[in-house]
Amino acid sequence: MSKEFQNKTVFITGAAKGQGRAVALGFAEEGANIIAFDLGEKIAYPAYNRSSNEDLEKLKDDVEKAGGKIVIYAGDVRKGEDVKEAVERGVKEFGGIDILFSNAGIAAYGNSWELTEEQWDAMIEINLRGGWLVSKYVIPHLIEKKKGVIIYNSSIAGLRGMNRMSHYSASKHGLVGLTKSQAIELAPYGIRVVSLHPTGVNTPMNDGLAELEGTTPIEIAERSAGNLLPVPWVETSDIVAAVKYIASEDARYMTGNQFVLDAGLLTR
Ligand SMILES: NC(=O)c1ccc[n+]([C@@H]2O[C@H](COP(=O)([O-])OP(=O)(O)OC[C@H]3O[C@@H](n4cnc5c(N)ncnc54)[C@H](O)[C@@H]3O)[C@@H](O)[C@H]2O)c1
């Protein structure tokens, strides 16, 4: 274990489940402080989303059992007042923020012409506007330190089209524009901004999509065209390794770029 992240503070959205939870535990193991933000209750769309206060409490227990420090906040990335309060609470507890893993997201299927306005808006508001809104309140604290790293969890869908996922793909492409523009704005302050583009990841999101589509999680992973390497998906531990690397000093000249973790999918 390096001492690189010891006493650093990491703000993570979508922290109660899947990749966010794994990244929270991964940084806590390195001695970092965690500010974990996630929904406290179920939202209407998509129907599978079941993260709850209990998931956040469980994360808190697990981080504390591992000897880490954590502030949890149940809120919605669509709501500025929630995000602002979570940032203020975390900064009060830990004295600042060093790394933002902007990861909260939803996914769902539907032909573009059959989506309702509400479905389109929810996708963009959570995946894209939510990413921007969290950064809006975190960035002043990074500027204060003249240092920091922002990582947006996009997807391979942020770099290519996806059948029956136009709203998802549009939201994830939007994060690339946000990443590149903020990299330009924030470079003078020593702050780096990178988007992460995983292929399918073995998380509750795939279970939820499978449930909605009446199929299996493996079939959901295969629908994204298939990886070049013979694996249906990558694991959350692969995401943890990638996020730690991007956030580390080893990646100090990486900014404005797209970090692809796709098991070769985009090359296929
Ligand atoms: N699972 C995959 O195959 C995959 C692949 C590439 C990218 N991604 C992206 O990775 C990110 C993490 O997904 P995951 O696989 O861990 O899925 P997940 O469903 O397990 O976790 C996502 C978390 O985001 C939270 N969330 C959703 N809407 C929110 C809101 N409005 N406010 C606050 N929190 C909210 C959920 O409650 C959940 O805990 C997402 O942005 C997703 O689009 C997922």
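Strand 1 (residues 9-13) and strand 4 run parallel and are joined by three bridges, strands here being DSSP E runs of at least two residues and helices H or I runs of at least four, numbered from the N terminus, and two strands being taken to pair if DSSP finds at least two bridges between them. The structure is a predicted model, in which local features need pLDDT of at least 70 and side-chain atom pairs count only at pLDDT 80 or more, whereas totals for chains, interfaces and linings use all residues. Residues are numbered from 1 along each chain as its sequence is written.

Within strand 4, Phe101 is the bridge partner of Ile12. Strand 4 is also joined to strand 5, by four bridges and in the parallel sense, and here Ser102 stands opposite Tyr152 of strand 5. In a regular strand the side chains alternate between the two faces of the sheet. In strand 4, Ile99 and Phe101 point one way while Leu100 and Ser102 point the other way, and all are buried; a residue is called buried if 20 or more other C-beta atoms lie within 10 Å of its own, exposed if 12 or fewer do, and partly exposed in between, with C-beta atoms placed from the backbone. Together with helix 4, strands 4 and 5 make a right-handed β-α-β unit, a crossover being right-handed if, with the strands pointing away from the viewer, the path from the first strand over the helix to the second runs clockwise.

Strand 5 (residues 148-153) pairs in turn with strand 6, in the parallel sense and over six bridges, with Arg192 of strand 6 as the bridge partner of Val149. The connection from strand 5 to strand 6 passes through helix 5 (residues 166-186), and this β-α-β crossover is likewise right-handed. Strand 6 (residues 191-198) is mostly covered, since eight of its eight residues are buried: Ile191, Val193, Ser195 and His197 lie on one side, and Arg192, Val194, Leu196 and Pro198 on the other. Strand 6 pairs further with strand 7 (residues 258-261), in the parallel sense over four bridges, and Gln258 of strand 7 is the bridge partner of Ser195.

Two helices were examined against the span expected of them, taken as 1.5 Å times one less than the number of residues. For helix 8 (residues 236-247), the twelve residues should span 16 Å, and the end C-alpha atoms are 16 Å apart, which agrees. Helix 1, with twelve residues, reaches 17 Å from its first C-alpha to its last, close to the 16 Å expected. The buried residues of helix 8 are Thr236, Ile239, Ala242, Val243, Lys244, Ile246 and Ala247, and the buried residues of this helix pack against helix 1, strand 4, strand 5, strand 6 and strand 7. Helix 1 is mostly covered, with ten of its twelve residues buried, among them Gly18, Arg21, Val23 and Phe27. Just after helix 1, Gly31 takes a positive phi of about 90 degrees.

Ala32 follows in the loop between helix 1 and strand 2 (33-38) and is buried, with 25 other C-beta atoms within 10 Å. Leaving aside neighbours within four places in sequence, Ala32 is in contact with Phe5, Lys8, Thr9, Val10 and Phe27, contact meaning that the C-beta atoms of two residues, placed from the backbone, lie within 7 Å. Ala32 and Gly68, 36 residues apart in sequence, are 7.1 Å apart in space, C-alpha to C-alpha. In the loop between strand 4 and helix 4, Tyr109 is partly exposed, with 17 other C-beta atoms within 10 Å, and is in contact with Arg164, Met165 and Glu213 when neighbours within four places in sequence are left aside.Around the ligand there are 30 residues, of which Gly14, Gly18, Ser51, Gly105 and Met205 come nearest, a residue being counted as near if its C-beta atom, placed from the backbone, lies within 6 Å. Helix 1 (18-29), helix 4 (117-145) and helix 6 (204-213) are the elements that give two or more residues to this shell.

Some backbone features were also noted. The peptide bond from Tyr45 to Pro46 is cis, with omega near -5 degrees, and Pro46 is found in the loop between strand 2 and helix 2 (53-65). Asn7, in the segment before strand 1, has a positive phi near 65 degrees although this residue is other than glycine. Ala263, in the segment after strand 7, has a positive phi of about 50 degrees and is buried, with 22 other C-beta atoms within 10 Å.
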